[in-house]
Amino acid sequence: MEKKPLVVVAGMIRKDVMAYLSEYVEIKQWTEKETIPKEVFAEWLEDAEGVWLTKTPLDAEAIAGAKKLKVAAQSAVGYDNVDIEALTARGIPYGNTPDVLTETVAEFGFALTLTAARRIVENVNFVKEGKWMERPSNIKGVDVSRNTIGIMGMGRIGTSIARRATAFGMEVLYFNRKQRPDDAETGYKFVSLDELYEKSDVVLCVLPLTEETMYLVDKEAFKKMKNTALFVNTGRGKEVRVEDLKWALENGEIDYAALDVVDPEPYGPGMGLLETGKCLITPHIASFTDRTRYDMAMLTENNLIRGVRGEVILTPVNPEVYKE
Ligand code: GLV
């Protein structure tokens with residue numbers, strides 16, 4: 001019988017999808033809680049034809065050592081942990097999971113916005129403490145309707161959030177690399193980052209992490225925002241200088257923050273932001289529904305199987321590897 005190609009799975013993935021994958025490839029999986037050590041990963045990659053990343057850094061050095069590698073993939077739309085240029089230089093496709101998660105992530109981004117605006121968590125905790133009648137004013141919410149949302153990053157997810165915001169009666173401003181062609185129909189307004197900061201009641205960041213967006217939201221940015229602003233981040237934690245956000249919350253530069261991504265992750269009590277009492281943090285779960293996580297894992301599995309067979313993968317972020 002022909003030998004199955006080896007795929008390294010760098011962390012834990014769904015068992016049902018693992019079972020499918022194992023029908024087609026031989027799997028070597030890292031099952032420990034801590035991230036696979038760099039040296040172990042490099043050694044495993046020496047014989048691998050495919051790799052399934054789980055936020056595992058895949059840098060130029062690891063790629064250079066992976067002599068047999070034909071494909072890399074990950075169940076995520078973001079790929080800031082991967083050196084795409086180094087993969088492309090070797091003609092290796094990288095598959096992410098766009099589209100299948102768009103609505104789910106947008107839904108969560110908007111849910112986080114509403115939860116924060118209406119201080120739902122604080123009010124729930126208040127009832128849990130048995131203090132129904134003693135509501136303090138700091139758990140009074142603000143409206144999103146008749147207010148303005150400024151969306152940083154108007155790709156698939158940003159646009160999907162904009163649709164929801166419009167349905168809730170918000171005006172939509174956005175900052176993006178390019179202006180969208182349909183602003184006249186949607187009524188969304190393409191603005192500079194400064195104008196977005198100055199005019200938005202909700203500033204929502206859903207940018208991909210790149211050299212340009214790394215620590216983009218800093219003290220200067222928070223100073224430009226309204227003192228009443230709600231800042232929401234569902235992009236990447238490293239787009240925000242966390243100590244500057246803490247300063248902005250403590251000094252009343254902005255009113256509140258709601259974050260699904262933070263720097264560093266994991267994040268928790270005693271690390272600063274939660275102690276401000278003006279911040280809501282969820283553990284990077286915007287795509288975390290059973291259906292969507294299944295779809296993401298199946299897409300990743302498909303990309304890997306096609307890749308090790310030398311077939312064109314479904315969602316390459318570097319399709320130029322297929323050009324003659
Ligand atoms: C999650 O953060 C993703 O990039 O899909």
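This briefing walks through the sheets, the helices packed on them and the salt bridges of the structure above. Bear in mind that the model is predicted. There are two open sheets to look at, one with 5 strands and one with 7 strands, and the pairing is parallel in the 5-strand sheet as well as in the 7-strand one. On the side-chain front, the count of salt bridges comes to 22.

**The 5-strand sheet**

- Reading across this open sheet, the order is β2-β1-β3-β4-β5, with parallel pairing.
- At the edges sit β2 and β5 (94-95), and each has a single partner strand, so one side of each is left without a neighbour in the sheet.
- Strand β4 (residues 71-74) pairs with β5 in the parallel sense, over 2 bridges. Here Ala-72 stands opposite Tyr-94 in β5.
- Helix α1 (residues 15-24) packs on this sheet and touches β1, β2 and β3, with its direction at about 135 degrees to that of β2.
- Helix α12 (residues 290-308) packs on the sheet too, touching β1, β3, β4 and β5; its direction makes about 180 degrees with that of β4.

**Helix α2 and its two faces**

- In helix α2 (residues 38-45), the buried residues are Phe-41, Trp-44 and Leu-45. These three cover an arc of only 100 degrees around the axis, which puts them on the same side of α2.
- What do the buried residues of α2 pack against? Their partners are the strands β1 (6-9), β2 (26-29) and β3 (50-53), plus helix α3 (60-65).
- Turn to the face of α2 that points away from the buried side and you find the exposed residues Glu-39 and Glu-43.

**The 7-strand sheet**

- The strand order in this open sheet is β8-β7-β6-β9-β10-β11-β12, again with parallel pairing.
- Its edge strands are β8 (189-190) and β12 (279-281), each of which pairs on one side only.
- Strands β6 (residues 148-152) and β7 (residues 171-175) run parallel and are joined by 5 bridges. Along this pair, Met-152 stands opposite Phe-175 in β7.
- Helix α5 (residues 102-117) lies across β9 (202-205), β10 (230-233), β11 (256-259) and β12, and runs at about 150 degrees to β10.

**Salt bridges between and within helices**

- Glu-103 and Arg-163 form a salt bridge, with their closest N and O atoms 3.2 Å apart. Since Glu-103 lies in helix α5 and Arg-163 in helix α7 (residues 156-167), the pair ties together parts that are 60 residues apart in sequence.
- Both ends of that bridge are partly exposed: Glu-103 has a relative accessible area of 36% and Arg-163 one of 45%.
- Lys-223 and Glu-220 meet through their side chains in a salt bridge at 3.4 Å, N to O. They are 3 residues apart in helix α10 (residues 219-224), about one helical turn. Lys-223 is partly exposed at 41% relative accessibility, and Glu-220 is partly exposed at 42%.
- Lys-246 pairs with Glu-250 in a salt bridge, the closest N and O atoms being 3.1 Å apart. Both lie in helix α11 (residues 242-250), 4 residues apart, which is about one turn of the helix. Lys-246 is partly exposed with a relative accessible area of 28%, and Glu-250 counts as partly exposed at 49%.

**A salt-bridge network**

- Which residues are linked in a network of salt bridges? Arg-14, Asp-16 and Asp-290 are linked in this way.

Methods: Residues are numbered from 1 along each chain as its sequence is written. This is a predicted model: local features need pLDDT of at least 70, side-chain atom pairs count only at pLDDT 80 or more; totals for chains, interfaces and linings use all residues. Side-chain values use heavy atoms; hydrogens and water are left out. Buried means under 20% relative accessible area, exposed over 50%, partly exposed in between (1.4 Å probe, protein chains only). The arc is that of the directions from the helix axis to the C-beta atoms. Contact means heavy atoms within 4.5 Å. Two strands pair if DSSP finds at least two bridges between them. Axes are lines fitted to C-alpha atoms, for helices over the stretch in contact, and angles run from 0 to 180 degrees between N-to-C directions. A salt bridge is a side-chain nitrogen of Lys or Arg within 4 Å of a carboxyl oxygen of Asp or Glu.
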